[in-house]
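User: I would like to learn how to read a fold from its strands, its core and its backbone angles. Can you take me through an example?

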Amino acid sequence: MGKFYESVLRPYLFRQEAEKAHESAVHYLQFLGRFPFLCRMMEWRNLRPPRSKSIALFGLQFPNRVGLAAGMDKNAKFWPVAGALGFGHVEIGTVTYHPQQGNPRPRLFRYPEQEALINRMGFNNDGATLIEKRLGKQIRRNLKRIPLGINIGKSRIIRIEQAVEDYLKSYHLLAEHADYFTINVSSPNTPHLRKLQGSEYLPALLENLATANFERARKLGTKPIPMLVKISPDLTYREIDFIMETVLDLNYDGIIATNTAVSRPVQLRTRSEPGGLSGRPLQKRSTDIIRYISKSTQGKFPIIGVGGIMDFASAGEKIDAGASLIQIYTGWIYRGPFFAKHLARSLAHGHKKWI
Ligand SMILES: Cc1cc2nc3c(=O)[nH]c(=O)nc-3n(C[C@H](O)[C@H](O)[C@H](O)COP(=O)(O)O)c2cc1C
């Protein structure tokens, strides 16, 4: 399938404008979701690498190490089929409390020679209220097969001083459906969002969310929902130290490293658009950050590694650097629908090639 995708399907999809191709993909995947029996059969074939055990992390069981990164299924439309394609977990969103359209198009650009993307989507999504309803219906139909992460961010119309309230509203609406939450403070396309990573705002934001999470668990007599923070690759190591201190102090469960980069670690061959860079040029920077966090926490703090995983070698590097799980987005666009399945098998069995 990998070869067929790269020689036939990808050229066809890449002839379409990037966001149109994305919309077509979402549409096809939603269509696949109409055939639950077929999905179950595909899960049975694709989800768990043969002779492998599931991975236990922050109280959840993951059938394999490879998840779908946030941004691909912003509106929770096709996540129930992710397991059929071989993903061991899926992260929807970023969801904001207020529905929003995002930035004007075009806002997604391909750089095929360097296997990269630049996006400035700006958290286009249907908003927490509608997405909660959609999730409720899907989960009642018993479509949740793999751990579901919900990634939440700040609504654009909300001032940074009111961000805590805004995140809390999304948290409360969506908590019932989340196997874990990702607090996104690192997307480059919402003005001021990344300031939330700094000392002025981060402690209050994370503390309020942690308190709400513990309160909810106490009231319901359940375990708190695992809470993760997703960080930017553009941070300095000193800034990362501060984030790690805060996250450890507040007993957060893990870190997702990294989001897309505003910096350009590698020069692009064609004109670089403003926005967040992902794919191969991000690979080294995100791995360096994972290694740094892993070393500074003696390998004890859960890390989900994401950024430029394009083949088995780059997936293996993230695990070697200290990630327990990985996520993919751009690699999936370049390698095709079953890339996660092949990566998961390679990681489970130490194959040298991804296909
Ligand atoms: C088009 C696009 C949209 C994205 N949207 C989000 C988002 O809404 N929230 C988020 O946390 N990350 C978002 N990301 C970042 C990815 O989740 C991931 O962290 C990043 O792309 C690096 O991984 P990759 O190189 O495998 O793509 C987006 C990435 C792309 C390419």
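Analyst: We will go feature by feature, starting with the strands. Keep in mind that this is a predicted model.

User: How is the barrel ordered, and is its pairing parallel or antiparallel?

Analyst: Start with the general idea. Strands in a sheet pair through backbone hydrogen bonds, and the pairing is either parallel or antiparallel. Here, 8 strands form a closed barrel with parallel pairing. Going round, the order is β3-β4-β7-β8-β9-β10-β12-β13. From one strand to the next, the twist averages 25 degrees.

User: Which bridges can I check around β7?

Analyst: Take both sides in turn. β4 pairs with β7 in the parallel sense over 5 bridges. Val90 has Leu148 of β7 as its bridge partner. On the other side, β7 and β8 (residues 180-184) are parallel and share 4 bridges. Asn151 sits opposite Thr182 in β8.

User: Why is β7 described as largely enclosed?

Analyst: Count its buried residues. For burial, the cut-off is 20 or more other C-beta atoms within 10 Å. In strand β7 (residues 148-152), 5 of the 5 residues are buried, so the rest of the structure largely encloses it. Leu148, Ile150 and Ile152 point one way, while Gly149 and Asn151 point the other way.

User: Where else in the barrel can I look at a pair?

Analyst: Try β12 (residues 303-306) and β13 (residues 325-328). They are parallel, with 3 bridges. Ile304 stands opposite Leu325 of β13.

User: What is the order of the open sheet, and which strands are at its edges?

Analyst: The open sheet has 3 strands in the order β5-β6-β11, and its pairing is antiparallel. An edge strand pairs on one side only; here these are β5 (108-111) and β11 (276-279). Neighbouring strands in this sheet are turned by 20 degrees on average, direction ignored. For a concrete pair, look at β5 and β6 (residues 116-119): they run antiparallel and are joined by 4 bridges. Phe109 has Ile118 in β6 as its bridge partner.

User: Which residues touch the most other members of the largest nonpolar core?

Analyst: The general idea comes first. In soluble globular proteins, nonpolar side chains tend to be buried together. In this model, the largest nonpolar core has 87 residues, and Phe181, Val229 and Ile328 touch the most other members. Helix α6 (residues 163-174) gives the most to this core, with 6 residues.

User: What is Val229 in contact with, beyond its neighbours in sequence?

Analyst: Set aside residues within four places in sequence. Val229 then contacts Ile183, Val185, Leu206, Ile243, Val247, Tyr252 and Ile255.

User: How should I read helix α12, and how many of its residues are buried?

Analyst: An α-helix has 3.6 residues a turn, so residues three or four places apart point the same way. In helix α12 (residues 339-349), 9 of the 11 residues are buried, so the helix is largely enclosed by the rest of the structure. The buried set includes Lys341, His342 and Arg345. Phe339, Leu343 and Leu347 are also among them. Just after α12, Gly350 has a positive phi of about 65 degrees.

User: How many residues surround the ligand, and which are closest?

Analyst: The shell holds 28 residues, with Ala69, Gly71, Ser278, Tyr329 and Thr330 closest to the ligand. By class, 11 are nonpolar, 15 polar and 2 charged. Then ask which elements supply the shell. β4 (89-95), β6, β11 and α11 (330-335) each give at least two residues.

User: Where are the cis peptide bonds you would have me inspect?

Analyst: Use omega to find them. The bond from Arg105 to Pro106 is cis, with omega near -5 degrees. Pro106 lies in the loop between β4 and β5. Another cis bond joins Ala257 and Thr258, with omega about 10 degrees. Thr258 is in the loop between β10 (254-257) and β11.

User: Is Ala76, with its positive phi, buried or exposed?

Analyst: Ala76 is not a glycine, yet its phi is positive, about 60 degrees. The residue sits in the loop between β3 (66-68) and α4 (82-85). Ala76 is buried, because 25 other C-beta atoms lie within 10 Å.

User: And is Asn142 buried or exposed?

Analyst: Asn142 is exposed, because 9 other C-beta atoms lie within 10 Å. Asn142 also has a positive phi, about 65 degrees, without being a glycine. Its place is the loop between α5 (128-140) and β7.

Definitions and conventions
Residues are numbered from 1 along each chain as its sequence is written. This is a predicted model: local features need pLDDT of at least 70, side-chain atom pairs count only at pLDDT 80 or more; totals for chains, interfaces and linings use all residues. Two strands pair if DSSP finds at least two bridges between them. Axes are lines fitted to C-alpha atoms, for helices over the stretch in contact, and angles run from 0 to 180 degrees between N-to-C directions. A nonpolar core is a set of buried Ala, Val, Leu, Ile, Met, Phe, Trp, Tyr and Cys residues joined through C-beta atoms within 7 Å. A residue is buried if 20 or more other C-beta atoms lie within 10 Å of its own, exposed if 12 or fewer, and partly exposed in between; C-beta atoms are placed from the backbone. Two residues are in contact if their C-beta atoms, placed from the backbone, lie within 7 Å. A residue is near a molecule or strand if its C-beta atom, placed from the backbone, lies within 6 Å of it. Ala, Val, Leu, Ile, Met, Phe, Trp, Tyr, Cys and Pro count as nonpolar, Asp, Glu, Lys and Arg as charged, and the others, Gly among them, as polar.
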